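Here are a few exercises to work through with the model open beside you. Try each task before reading its solution.

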Amino acid sequence: MPFELPTDLNPAVNRLAWLVGRWEGTGKGVYPGTEEFDFGQQIDFASNGGDFLHYLSQTFEVDAEGKAVRPLSMETGFWRPQADDGLEVVMCHPSGYAEVWYGSITGAKIELTTDAVVRTASADEYTAGQRLYGLVEGDLLWTFDKAAGGHPLQNHLWARLRRV
């Protein structure tokens with residue numbers, strides 16, 4: 001699908017312009033103590049003209065035909081590009097934790113690492129993460145490595161999404 005740079009985009013977020021819009025697709029997940037699973041996902045990157053993008057990700061369980069059957073998770077936050085090609089991201093989750101991520105933007109590739117993870121008393125233990133996002137053949141590919149439950153940092157989720 002062709003992409004047009006939004007005319008009202010703040011110049012500070014031009015390096016993230018390739019993300020703006022809605023992305024949908026499927027992914028897989030695995031972690032010690034769980035079986036590998038499939039999921040559907042929708043990610044929205046939106047601009048209101050500020051020097052940041054709003055991010056909203058929703059995942060859901062899918063049936064054999066790939067149709068959503070129940071919600072799994074959500075996360076929302078703000079992606080704040082910096083003048084030095086750095087990127088600051090703040091995210092929160094309804095499961096009781098919030099994260100601060102730092103990383104870099106290199107063309108259509110973004111690498112992020114958690115600086116801080118805070119959680120409520122009822123949230124599952126989760127201590128660190130790394131993410132990689134990239135534009136590959138017009139699709140958004142991403143992966144998430146996490147350290148949780150006493151396990152070291154390791155791959156947990158990955159997906160391929162198409163612009164809709």
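Two strands count as paired if DSSP finds at least two bridges between them. Keep in mind throughout that this model is predicted.

**Exercise 1. Follow the pairing from strand 6 through strand 7 to strand 8.**

Solution, step by step:

1. Start with strand 6 (residues 97-106) and strand 7 (residues 109-119): they pair in the antiparallel sense over 10 bridges.
2. For one such contact, take threonine 106, whose bridge partner in strand 7 is lysine 109.
3. Now look at the turn. The hairpin of strand 6 and strand 7 has two residues between the strands, and glycine 107 takes a positive phi near 60° there.
4. Move on to strand 8. Strand 7 and strand 8 run antiparallel and are joined by five bridges, among them the one between leucine 112 and arginine 131 in strand 8.
5. Finish with the connection: six residues form the link in the hairpin from strand 7 to strand 8.

**Exercise 2. Where does aspartate 85 lie, and is it buried, partly exposed or exposed?**

Solution, step by step:

1. Recall the background: most residues other than glycine have a negative phi.
2. Check the backbone. Aspartate 85 is not a glycine, yet its phi is positive, about 70°.
3. Locate aspartate 85 in the loop between strand 4 and strand 5 (86-93).
4. Read the accessibility: the relative accessible area of aspartate 85 is 38%, so this residue is partly exposed.

**Exercise 3. Do the analysis again for glutamate 137: what is its phi, and is it buried or exposed?**

Solution, step by step:

1. Phi of glutamate 137 is near 50°, a positive value in a residue other than glycine.
2. The loop between strand 8 and strand 9 holds glutamate 137.
3. Exposed means over 50% relative accessible area. Glutamate 137 has 72%, so it is exposed.

**Exercise 4. Describe the largest pocket: how much space lies in it, and which residues lie nearest its centre?**

Solution, step by step:

1. Begin with the volume: the largest pocket holds about 800 Å³ of space.
2. Count the lining. It has 31 residues, and Ser73, Tyr97, Lys146, His156 and Leu157 lie nearest the centre of the pocket.
3. Assign the lining to elements. Those giving two or more residues are strand 2 (34-46), strand 3 (53-62), strand 4 (68-81), strand 8 (126-136), strand 9 (139-148) and strand 10 (154-163).
4. Sort the lining by class: 15 residues are nonpolar, 11 are polar and five are charged.

Note on methods. Residues are numbered from 1 along each chain as its sequence is written. This is a predicted model: local features need pLDDT of at least 70, side-chain atom pairs count only at pLDDT 80 or more; totals for chains, interfaces and linings use all residues. Side-chain values use heavy atoms; hydrogens and water are left out. On a 1 Å grid over the protein atoms alone, a cavity is a set of points where a 1.4 Å probe fits but cannot get out, and a pocket is an open set with protein on both sides within 12 Å along at least five of seven lines; lining residues have an atom within 4 Å of a point. Grid points are joined across faces, edges and corners, and a volume is the space filled by probe spheres set on the points. Helices (H or I, at least four residues) and strands (E, at least two) are DSSP runs, numbered from the N terminus. Ala, Val, Leu, Ile, Met, Phe, Trp, Tyr, Cys and Pro count as nonpolar, Asp, Glu, Lys and Arg as charged, and the others, Gly among them, as polar. Buried means under 20% relative accessible area, exposed over 50%, partly exposed in between (1.4 Å probe, protein chains only).
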